[in-house]
Amino acid sequence: MIAASVVAPALQQMGVAPLAAHMFVFYCAVISAITPFNHPLNQVAHKLAPAIAAGVPVLLKPASKTPLVAIRLTELLYEAGLPPAMLSTFVGDRKTITEALVRDSRVDLVTFTGGTRPGKHLTTIAGYKKLCLELGGNAPLIVLRDADLDLAATLATEGSFRNSGQRCTAVKRILVEEPVLDEFTDRFVANAAEFTVGDPADEATRIGTVIDEPAAIVLEERVVKAVAAGAEVLLGGNRNGAQLEPTIIANVPRDAEMVREESFGPLAPIMPVRDLDDAIALANASDFGLSSGVVTNDMAAAIRVVKELKTGAVNVNEVPGFRMESSPFGGVKDSGLGIKEGVIQAMKFMSTTKTFSLPW
């Protein structure tokens, strides 16, 4: 598909310019979009909206654990008038469906959101095509000594426990300067204690289950390992099937599995830091680099964090997960290849600019 050309004013006056350039934009012939179990509607919409806007056909593969919303959205788009040839939705296992969609040479682009390990595997089988990988995260929330501690406690609670912590941009490490560590911790525990744990279908529930019991068991094991290494559970820690209470852990060793790996659930490890230098060094000492947050009233400190953190996004006085759909979004290191999502960026990635000249 070819979009409208960008015409230089000089080119409209034929014969005036000795040489003028002209550009067309053409889009991918077809893309494969693979989405994860968390945010099963939102993540699918992230892929489909820019593709529909660009007029690019999509082969959609939602997560096997949460396919129903994607199927229903596909039906609604058909009912709204989207030509069926523009969207095909597949349900099935990874080996049979996902890998076939990634390997096929007729696919121009693969956009994948999911875990780091499967994402890296896809790079080995995709062949010669564009890849947009939005992978795991291990987002730090840095709380500096001048921070508004009520705000910091609120951000830590919301960032760690909303959606049962099952977000790639959820707060996974809370780095607090030592002079405010005790006061922040008291406020954080008090806030989190108000989160109601229970049936996800109950409107009063603030924390439901994680995706399944095996996932909850992994999280529980990481808490046990951290405690064995010297950490202390200040709140929660109990598991009931697929449900894990919102869990705050203090004095977590810097090499604990809980903070080295992406702990995809409601765990909130608190890690003291000496100063801003230590906070930046610890935040960067991760294989992941998706997003981050810093709580401070010091603009110079905030700008330094923005410049020095090796993450795709830094949010000041906000949770790491803060974003707008029009803004670029994506990570580096084990969080992605630096290719950005967001409607505008995704449309650009789905397109190629063709430049040509006319000899007048």
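## Two helices side by side

Which way do α10 and α11 cross, right-handed or left-handed? In this predicted model, the crossing of these two helices is right-handed. The residues that build the contact are L276, D277, I280 and N284 on the α10 side, with A301, R304, V305 and E308 facing them from α11. By type, that set splits into four nonpolar, one polar and three charged residues.

As for the geometry, α10 covers residues 276-284 and α11 covers residues 299-308, and their axes come within 11 Å, crossing at roughly 25°. That angle is under 35 degrees, so α10 counts as roughly parallel to α11.

## Just ahead of α10

Step back from α10 and you land in the loop that joins it to β13 (267-273), which is where D275 sits. With a relative accessibility of 31%, D275 is partly exposed. Setting aside neighbours within four places in sequence, D275 touches R145 and E177. G289 is 14 residues away from D275 along the chain, and the C-alpha atoms of the two are 21 Å apart.

There's a salt bridge around here too: the side chains of D278 and R274 pair up at 3.4 Å, N to O. What about burial for these two partners? D278 is buried, at 6% relative accessibility, whereas R274 is exposed, at 52%.

## More salt bridges

How many salt bridges turn up in a search of the whole structure? The count is 22. One of them brings the side chains of K65 and D212 together at 2.7 Å, N to O. K65 belongs to the loop between β3 (58-61) and α3 (68-79), and D212 to the loop between α7 (181-192) and α8 (213-228), so this pair ties together parts that lie 147 residues apart in sequence. K65 is exposed all the same, with 53% relative accessibility.

Another salt bridge links R106 and D104, whose side chains meet at 2.8 Å, N to O. Here R106 is the exposed partner, at 64% relative accessibility, while D104 is partly exposed, at 23%.

## Helix α5 and its surroundings

Which residues of α5 are buried? Along this helix, residues 116-125, they are T116, G119, L122 and I125. The spacing fits a simple rule: an α-helix has 3.6 residues a turn, so residues three or four places apart point the same way. The buried residues of α5 pack against a mix of elements: the strands β2 (31-34), β5 (109-113), β6 (130-134) and β14 (288-289), plus helix α4 (94-103). Right after α5 comes G127, with a positive phi near 80°.

The pairing with α4 can be spelled out further. The axes of α4 and α5 come within 9 Å and cross at roughly 45°, and the two helices are therefore oblique to each other. As with α10 and α11, the crossing is right-handed. On the α4 side the contact uses E99, V102 and R103, and these meet H121, L122 and I125 of α5. That contact divides into three nonpolar, one polar and two charged residues. L122 and I125 thus show up twice, among the buried residues of α5 and in the contact with α4.

## A buried threonine after β2

Is T35 buried or exposed? T35 is found in the loop between β2 and α2 (42-54), and its relative accessible area of 5% makes T35 buried. Leaving out neighbours within four places in sequence, T35 is in contact with Q43, V44, K47, L60, K61, P62, A63 and T113. Several of those contacts can be placed: Q43, V44 and K47 fall within α2, L60 and K61 within β3, and T113 within β5.

## Two asparagines with positive phi

Two non-glycine residues are worth a quick look for their backbone angles. N163 has a positive phi of about 55°, and so does N317, also at about 55°.

Where do they sit? N163 is in the loop between α6 (149-161) and β8 (171-177), and N317 is in the loop between β16 (315-316) and β17 (332-333). N163 is partly exposed, with a relative accessible area of 40%, and N317 is partly exposed as well, at 26%.

Key
Residues are numbered from 1 along each chain as its sequence is written. This is a predicted model: local features need pLDDT of at least 70, side-chain atom pairs count only at pLDDT 80 or more; totals for chains, interfaces and linings use all residues. Side-chain values use heavy atoms; hydrogens and water are left out. Axes are lines fitted to C-alpha atoms, for helices over the stretch in contact, and angles run from 0 to 180 degrees between N-to-C directions. Helices (H or I, at least four residues) and strands (E, at least two) are DSSP runs, numbered from the N terminus. Angles under 35 degrees count as roughly parallel, over 145 as roughly antiparallel, 65 to 115 as roughly perpendicular and the rest as oblique. A crossing is left-handed if the near helix is turned anticlockwise from the far one by less than a right angle, and right-handed if clockwise. Contact means heavy atoms within 4.5 Å. Ala, Val, Leu, Ile, Met, Phe, Trp, Tyr, Cys and Pro count as nonpolar, Asp, Glu, Lys and Arg as charged, and the others, Gly among them, as polar. A salt bridge is a side-chain nitrogen of Lys or Arg within 4 Å of a carboxyl oxygen of Asp or Glu. Buried means under 20% relative accessible area, exposed over 50%, partly exposed in between (1.4 Å probe, protein chains only).
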